[in-house]
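Hi,

Here is the structure we talked about handing over. Please open it first, then read the notes below.

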Amino acid sequence: MTPLPRTVRAEALDGLVEDDPVAMRSRRDLQRVHRFMGTRSIVLRALRGWSMPRGAATPLRVLELGAGDGSLMLGVARALAPTWPRVELTLLDRQALITPAIIKQYAQAGWNATSRTVDVLDWVAGPTASLPISGRPEHWDVIIANLFLHHFEERQLATLLRAIAARSDHFFACEPRRARFALAGSHLIGTIGANAVTRQDAVLSVHAGFRDGELTSLWPTGNGSWNLQEHSAGLFSHRLLAERSRTS
Ligand SMILES: C[S@@+](CC[C@H](N)C(=O)[O-])C[C@H]1O[C@@H](n2cnc3c(N)ncnc32)[C@H](O)[C@@H]1O
């Protein structure tokens with residue numbers, strides 16, 4: 001059977017304003033889609049595999065790109081907090097979706113979360129800003145992206161991955177797997193009560209998703225030496241783990 005070609009098309013949710021009731025409902029659907037896909041467990045397994053300095057003088061600096069409403073990462077924070085107790089988390093998205101309530105929930109989990117509303121391509125092109133609390137130049141222990149990289153064509157992706165490699169020591173992405181089984185699953189998303197926007201975007205996301213070593217092939221050379229692992233994960237996901245090697 002021939003592999004599905006990769007096609008990137010604008011998703012309906014991205015064209016709706018933050019407080020459009022249809023968009024708000026679709027973001028709630030996304031939380032159910034994540035449960036269906038097992039995303040939180042996939043993210044946790046990856047992050048727990050990395051040894052992070054415990055009791056370090058400075059908190060771990062974590063950035064999520066395309067963080068949405070921050071709810072997926074909140075589940076990760078709650079589960080990881082006993083082993084990653086001091087985290088300075090930045091939730092970046094071009095839409096202002098992070099509420100004071102969710103920031104408070106992060107604080108209850110022991111993580112200090114802030115939001116940054118910016119298009120990621122401006123983040124890539126912009127000067128490296130200082131971190132909110134430490135004031136140190138922008139460098140992240142961990143950058144994470146969930147259901148985000150598939151929004152971009154190869155050329156933009158290569159640029160984005162170059163910025164990530166220049167500004168971090170670890171990168172994890174969990175994206176839709178571009179495969180016929182995942183495509184069939186995306187057509188059934190209505191069975192979990194998803195609205196029309198979510199149903200349409202689920203199918204588009206699979207067509208824009210990844211397989212094999214496609215993300216690895218776009219990873220830059222020249223930003224130190226990195227260990228890269230790219231695999232399918234669960235039934236519907238595709239993940240990339242990138243760790244800067246300690247000698248670089
Ligand atoms: C499918 S949602 C995923 C949200 C969250 N990561 C999750 O998994 O629940 C994709 C998110 O990426 C954001 N996004 C899309 N294009 C973006 C861009 N160019 N810059 C920043 N955020 C973007 C959207 O606003 C949306 O919140």
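Phe148 is buried, at a relative accessible area of 10%. Phe152 is buried too, at 8%. This is a predicted model, so please read every value below as computed from it.

**Aromatic pairs**

There are 5 aromatic pairs in the structure. Phe148 and Phe152 make one of them, and the geometry is edge-to-face. Their ring centres are 5.2 Å apart, with 75° between the planes.

Phe181 and Phe236 make a stacked pair. Here the centres are 5.6 Å apart and the planes differ by 10°. Phe181 belongs to helix α7 (residues 180-187), while Phe236 sits in the loop between β6 (226-233) and β7 (237-244), so this pair ties together parts that are 55 residues apart in sequence. Which of the two, Phe181 or Phe236, is buried and which is exposed? Phe181 is exposed, with 52% relative accessible area, because the cut-off for exposed is over 50%. Phe236 counts as buried at 11%, because that is under 20%. Phe36 joins Phe181 and Phe236 in one aromatic cluster.

One charge also sits over a ring. The charged end of Arg167 lies over Trp123, 4.5 Å from the ring centre.

**Ligand site**

The ligand is surrounded by 20 residues. The closest are His34, Gly66, Asp93, Val120 and Asn146. Three polar approaches may be useful for your setup:

- Asp93 places a polar side-chain atom 2.6 Å from a ligand oxygen.
- Arg94 has a backbone N or O atom 3.2 Å from a ligand nitrogen.
- Val120 has a backbone N or O atom 2.8 Å from a ligand nitrogen.

On its own, the ligand has 600 Å² of accessible area, and the protein covers 95% of that.

**Leu91 and its surroundings**

Leu91 is in strand β2 (residues 87-93). Leu91 is buried, at 1% relative accessible area. What does Leu91 touch, not counting residues up to four places away in sequence? The contacts are Glu64, Ala67, Met73, Ile98, Tyr106, Ala113, Thr114, Ser115 and Arg116. If you want a distance to check your file against, take Leu91 and Arg244. These two are 153 residues apart along the chain, and their C-alpha atoms are separated by 22 Å.

**Helix α2**

Helix α2 covers residues 39-48. Its buried residues are Thr39, Ile42, Val43, Leu44, Ala46 and Leu47. What covers them? The cover includes helices α1 (21-37) and α3 (71-80). It also includes strands β4 (140-146), β5 (168-176), β6 and β7.

**Backbone points to check**

Two residues other than glycine have positive phi values. Leu147 has a phi of about 45°. Leu147 lies in the loop between β4 and α6 (154-167). Leu147 is also buried, because its relative accessible area of 16% falls under the 20% cut-off.

Asp212 has a phi near 50°. Asp212 is in the loop between α8 (196-207) and α9 (214-218).

Best wishes

Conventions:
Residues are numbered from 1 along each chain as its sequence is written. This is a predicted model: local features need pLDDT of at least 70, side-chain atom pairs count only at pLDDT 80 or more; totals for chains, interfaces and linings use all residues. Side-chain values use heavy atoms; hydrogens and water are left out. Rings of Phe, Tyr and Trp (its six-membered ring) pair if their centres lie within 6.5 Å; planes under 30 degrees apart count as stacked, over 60 as edge-to-face and the rest as tilted. Buried means under 20% relative accessible area, exposed over 50%, partly exposed in between (1.4 Å probe, protein chains only). Helices (H or I, at least four residues) and strands (E, at least two) are DSSP runs, numbered from the N terminus. A charge sits over a ring if NZ of Lys or CZ of Arg is within 6 Å of the ring centre and within 35 degrees of the ring normal. A residue is near a molecule or strand if one of its heavy atoms lies within 4 Å of it. A polar contact is a pair of N or O atoms within 3.5 Å; within protein, one must be able to donate a hydrogen and the other to accept it, and residues adjacent in sequence count only if both atoms are side-chain atoms. Accessible areas come from the Shrake-Rupley method with a 1.4 Å probe; for residues, only the protein chains shown count as cover. Contact means heavy atoms within 4.5 Å.
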